[in-house]
Amino acid sequence: MTRLLFVIPPYFNAADYIGKVRNAVLPAFTIPYGILSMETYLKQNCSTDIEIQLVDLNITLKELVEDGRADSHEEIFAKQLTGIMADFRPDIVGVSALFNSSFRYIQSLVSTVKKFDKSILTIAGGGLPSAAYQMMLERCPDLDAICKGEGEMPLKVLLDAPDKARVLESHKAWVTREGVGRGKVPAHDFIDNLDEIPQLNYEIVDLNNYNSRSIDKRYANEPRREMAIHTSRGCPFLCVFCSNPSLHGRTVRFMSIERVVEDVRRMRDEFGMTVLMVEDDHFFQDKERAKALLAALAELNIRLEFPNGVAVYAIDEEVAELFSRAGVSAVALAVESGSDHVLNNIIKKPLKKKLIRPAVEALRKFNVRSHVFIVAGLPGEEDEHRQETVEMLLENGFDWIHVYLAIPIFGSRLYDICVEKGYIQSTDNDDFVATKTVLNVPGQDPKKLEAYAYETQLRVNFIENYNMRIGRYDVAIHYMKNVCEKYPDHAFGQLYVARCYSAIGEQTLATVHAAKALEIFERDEWWRSLAERYGVDYSDSLALALPQAQPVAQMLQA
């Protein structure tokens, strides 16, 4: 019997919550699909008996933050991991890490493993180790080996081998410190036919921990069961900020439509899934397959979302209608910029700005919510390009926008460019999150970029909210309510949800939120300065829209 323990290190920064950073994004975790895939594949295909457990330290850290105990989180991780090892007695511990922000935890975790039992083999895989294997092996002395790319087949070979050290040195996907010294460059070892992966075993996770990624806020307060699926792997594009090729490669491999339907029906019937999160890197690589799959999913009577971003150029009225028939309620659009120069010459993305409006209008026609992702601060981007982006966001009427700052993820072209040019000003991987800039690019002010990202969201999502402009307060209100629930001290959230309630005749609720907004503006100079900068006359507008608000505000001041 070989026992394998998978450990997922946190990929969000606890310090942002301990220090109450204003624009820290609360984490929404997705099911560790890759580990579940490896677990079922190994259980079916290994000739040796194996037992597998999983611990996701994101769940632990979130609980510590909520309980106010995050200051000592690394000590708590070590105690938790040691307790699990004492009970499970693993032969191998595998650390699965996707993002730069997980880097700081790797050595601490494998050191805890080695202190417990030096004979335990420590390995790592996922997007971060795949791309940064040399750096990770150098900085993590207690890490024995790294797997390049997807791990199903390399792990099978390792687990079945009587001489595991030999596999780590000779197999093309595995790399060790000695291998790096010899100049070895690890290579992918993929499963070509995704149907060969057995149906996933969800018993090794608590699905309740992965139930808050939904982007359609109409359903934020309704009972639901979110589950994820990857119907394909790989992406042919080389967007500058993306590291996907280092993990899944550029050749897109597919699961058959029949297998997808079988899996989704099982999720619905056995696990009560109500929202399917389709997390493909490029769902529309084969557009005819995508359309056929949507038609097949339409028979299952579930709701779908595409939270990872879909190709805008693939969306026309036919696709939008298929989305609607299949139960797709919200789609995140991978726009990234409103400047053709940035899209085509910097990101190297096959998208023209003129294609965005028709896609959004097609989605709106069939009542599919449109979200959009923007990436700001790429080297070569100028103020004029960011202004083009703001204009595009205001013109196209998205239901919600997300503006992120460029992160030089290990394995991306952006990382290579920034290293070559010396643009990375912070080597602290805790700072490698989408609300901070770690780059110092000539002609770009990092603090102004951070302000641009946050304030653009305030302007487009609140001050000039498209749905409020055209009188669709019933649509806007769900997003505003969600902001207020997650960030009670968000002055614009409180102000604009009050206006939405007032517009639909919910005067009591409008008054409550208006009073809260006035109280925040009164005590918080930062919010007052933003209101002044963008011409938001909160006192006059509230007094006009909410006749009861002024007395409430006076009572608060008394």
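This is a guided tour of a predicted model, stop by stop, with a selection to make at each one.

**Stop 1: the mixed sheet**

Strands of a sheet pair through backbone hydrogen bonds, and the pairing is either parallel or antiparallel. Select strands β1 to β6 and show them as ribbons. They form an open sheet of six strands, and reading across it gives the order β2-β1-β3-β4-β5-β6. The pairing in this sheet is mixed. Which strands are at the edges? They are β2, residues 50-56, and β6, residues 174-176, and each of them pairs on one side only. From one strand to the next, the twist averages 25 degrees.

Now narrow the selection to residues 121-125, which are strand β4, and residues 145-147, which are strand β5. These two strands pair in the parallel sense, over two bridges. For a landmark, pick isoleucine 123: opposite it stands alanine 145 in β5.

**Stop 2: a helix across that sheet**

Add residues 57-67, which make up helix α3. Helix α3 lies across β1 (2-8) and β2. Its direction is at about 30 degrees to that of β2.

**Stop 3: helices α2 and α8**

Two packed helices are described by the angle between their axes and the distance between the axes. Select residues 33-45 for helix α2 and residues 152-160 for helix α8. Their axes are 10 Å apart, and the helices pack at an angle of about 45 degrees. At that angle α2 and α8 are oblique to each other, because the angle lies outside the ranges for roughly parallel, roughly perpendicular and roughly antiparallel. The crossing of α2 and α8 is right-handed.

Show side chains next. On the α2 side, pick Ser37, Met38, Tyr41, Leu42 and Asn45. They meet Glu152, Met153, Leu155, Lys156, Leu159 and Asp160 in α8. Sorted by class, the contact of α2 with α8 has six nonpolar, two polar and three charged residues.

**Stop 4: the parallel sheet**

Clear the selection and pick β7, β10, β11, β12, β13 and β14. This is an open sheet of six strands, in the order β7-β10-β11-β12-β13-β14. What is the pairing in this sheet? It is parallel. The edge strands are β7 (226-229) and β14, each pairing on one side only. The twist from one strand to the next averages 20 degrees.

Inside this sheet, select residues 275-278 for β10 and residues 303-310 for β11. The two strands run parallel and are joined by three bridges. One pair to label is valine 275 and its bridge partner in β11, arginine 303.

**Stop 5: helices α17 and α19**

Select residues 446-463, which are helix α19. This helix lies across β13 (369-376) and β14, and runs at about 180 degrees to β14.

Then add helix α17, residues 383-396. The axes of α17 and α19 come within 11 Å and cross at roughly 15 degrees. Angles under 35 degrees count as roughly parallel, so α17 is roughly parallel to α19. The crossing of α17 and α19 is right-handed.

For the side chains, pick Arg386, Thr389, Val390, Leu393 and Leu394 in α17. Their partners in α19 are Leu449, Tyr452, Thr456, Arg459 and Val460. By class, the contact of α17 with α19 has six nonpolar, two polar and two charged residues.

**Stop 6: two residues with positive phi**

Go to glutamate 336, which is in strand β12, residues 328-336. Its phi is near 75 degrees, a positive value in a residue other than glycine. Is glutamate 336 buried or exposed? Its relative accessibility is 7%, and since buried means under 20%, glutamate 336 counts as buried.

Next, select lysine 348, in the loop between α15 (340-347) and α16 (356-365). Lysine 348 is not a glycine either, and has a positive phi of about 65 degrees. Its relative accessible area is 47%, so lysine 348 is partly exposed.

**Stop 7: isoleucine 409**

Finish at isoleucine 409, in the loop between β14 (400-405) and α18 (413-421). Isoleucine 409 is partly exposed, with a relative accessible area of 22%. Which residues is isoleucine 409 in contact with, leaving aside its neighbours within four places in sequence? They are Asn100, Phe241, Ser243 and Tyr415.

As a last step, draw a C-alpha to C-alpha distance from isoleucine 409 to aspartate 87: the two are 36 Å apart in space and 322 residues apart in sequence.

Technical notes: Residues are numbered from 1 along each chain as its sequence is written. This is a predicted model: local features need pLDDT of at least 70, side-chain atom pairs count only at pLDDT 80 or more; totals for chains, interfaces and linings use all residues. Side-chain values use heavy atoms; hydrogens and water are left out. Axes are lines fitted to C-alpha atoms, for helices over the stretch in contact, and angles run from 0 to 180 degrees between N-to-C directions. Helices (H or I, at least four residues) and strands (E, at least two) are DSSP runs, numbered from the N terminus. Angles under 35 degrees count as roughly parallel, over 145 as roughly antiparallel, 65 to 115 as roughly perpendicular and the rest as oblique. A crossing is left-handed if the near helix is turned anticlockwise from the far one by less than a right angle, and right-handed if clockwise. Contact means heavy atoms within 4.5 Å. Ala, Val, Leu, Ile, Met, Phe, Trp, Tyr, Cys and Pro count as nonpolar, Asp, Glu, Lys and Arg as charged, and the others, Gly among them, as polar. Buried means under 20% relative accessible area, exposed over 50%, partly exposed in between (1.4 Å probe, protein chains only). Two strands pair if DSSP finds at least two bridges between them.
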